[in-house]
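Hi,

Here is the structure I promised to pass on to you. Have a look at it first, and then read my notes underneath.

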Amino acid sequence: MKNFMYAALLALLMGGLGWSSNLAQAEDTIATLRGSAIKAQPNTPRIPRISNTDLKRMRNYPEQPPTIPHKIRSYQVDKNVNKCLTCHSRRATAESQAPMVSVTHFMDRDGQVRASVSPRRYFCNQCHVPQHDINPLVGNTFLDVDEVIGRLKPMGTGQ
Ligand code: HEC
Ligand code: HEC
């Protein structure tokens, strides 16, 4: 038992040493996404603001879950409470003036419309997300279907 422990300790020590010398090498040679050497502490970017305009955004395709145009900080969604539904449920919308969850949210997996929101659609943030006020870090070449059709037209395929 004792021998085993020494062996384990030795292995650990050697592993540790190997790792730290690798790190020293890596520092000069590996490009990092942090924009600085591995050891240097880069400036922490500010936490961006949540976009809270209350204005609906265009959907990029009809089946897209719309992005959330308001803050959702501290909105509890768990097995006991669903804060989102206190405004977005069928019964709440007259008072909240929030758009009601659409009929797909009441469908079970067989497409049967149920009396209340289906468990498949209960955890809203699986599909709906708020947006931040930031410049995107990477470009995006997505074209929506109208743009794609627009591009095809000169080739004589569309009407
Ligand atoms: C206090 C009421 C309230 C709560 C709570 C609330 N919402 Fe909203 N939501 C609204 C209102 C009102 C709108 C309409 C736009 C606006 O005024 O922001 C809206 C808009 C939306 C939209 C945009 C719909 C569209 O057609 O573009 C989505 C998606 C949404 N909310 C999801 C959520 C989710 C997910 C939660 C929970 C994390 C939530 N909301 C909690 C009131 C609420
Ligand atoms: C599995 C993904 C999914 C989950 C979970 C989900 N949604 Fe949606 N939601 C969608 C999709 C997709 C759409 C757009 C197509 C549609 O209406 O079904 C949508 C549309 C909406 C709309 C716009 C309805 C309209 O007619 O303009 C609201 C509001 C909304 N969801 C709120 C919620 C809330 C609140 C929850 C949680 C109780 C929730 N959603 C859970 C996928 C989801």
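Below is what I found in it, going from the overall fold to single residues.

Please keep in mind that this is a predicted model. The protein chain has 159 residues, and 14% of them count as buried. Its secondary structure amounts to 4 helices and 0 strands, so you can read the order from the N terminus simply as α-α-α-α.

Let me begin with charge. On the surface, R46, R49, K71 and R73 come together in a patch of positive charge. To find K71, look in the loop that links α1 (2-29) to α2 (85-88). K71 has a relative accessible area of 48%, which makes it partly exposed; for a place in such a patch a residue needs over 30%.

How many salt bridges does the structure hold? There is 1. The partners are D108 and R114, whose side chains meet with 2.9 Å from N to O. As a general point, side chains of opposite charge can pair when their charged atoms come close. The two partners are worth viewing one after the other: D108 is buried, at 16% relative accessibility, while R114 is partly exposed, with a relative accessible area of 47%. The cut-off for buried is under 20%, and partly exposed runs from there up to 50%, so D108 falls in the buried class at its 16%.

Next, the aromatic side chains. The count of aromatic pairs comes to 1. Y122 and F123 make up this pair, with their ring centres 5.0 Å apart and 85° between the planes, an edge-to-face arrangement. F123 itself is partly exposed, and its relative accessible area is 40%.

Finally, a look at S116. Where does S116 lie? You will find S116 in the loop between α3 (93-96) and α4 (145-152). Its relative accessibility is 49%, so S116 counts as partly exposed. S116 and F106 are 10 residues apart in sequence, and their C-alpha atoms are 5.8 Å apart in space.

If you open the model, you could start at the patch of R46, R49, K71 and R73, then go to the salt bridge between D108 and R114, and end at the edge-to-face pair of Y122 and F123.

Happy viewing, and best wishes

Methods
Residues are numbered from 1 along each chain as its sequence is written. Chains are lettered from A and ligands numbered from 1 in the order in which they are written. This is a predicted model: local features need pLDDT of at least 70, side-chain atom pairs count only at pLDDT 80 or more; totals for chains, interfaces and linings use all residues. Side-chain values use heavy atoms; hydrogens and water are left out. Patches are made of residues with over 30% relative accessible area and no salt bridge: like charges are joined within 9 Å, nonpolar side chains (Val, Leu, Ile, Met, Phe, Trp, Tyr) within 5 Å. Accessible areas come from the Shrake-Rupley method with a 1.4 Å probe; for residues, only the protein chains shown count as cover. A salt bridge is a side-chain nitrogen of Lys or Arg within 4 Å of a carboxyl oxygen of Asp or Glu. Lys and Arg count as positive and Asp and Glu as negative; His and the chain ends are not counted. The place of a charge is taken as NZ of Lys, CZ of Arg, CG of Asp or CD of Glu. Helices (H or I, at least four residues) and strands (E, at least two) are DSSP runs, numbered from the N terminus. Buried means under 20% relative accessible area, exposed over 50%, partly exposed in between (1.4 Å probe, protein chains only). Rings of Phe, Tyr and Trp (its six-membered ring) pair if their centres lie within 6.5 Å; planes under 30 degrees apart count as stacked, over 60 as edge-to-face and the rest as tilted.
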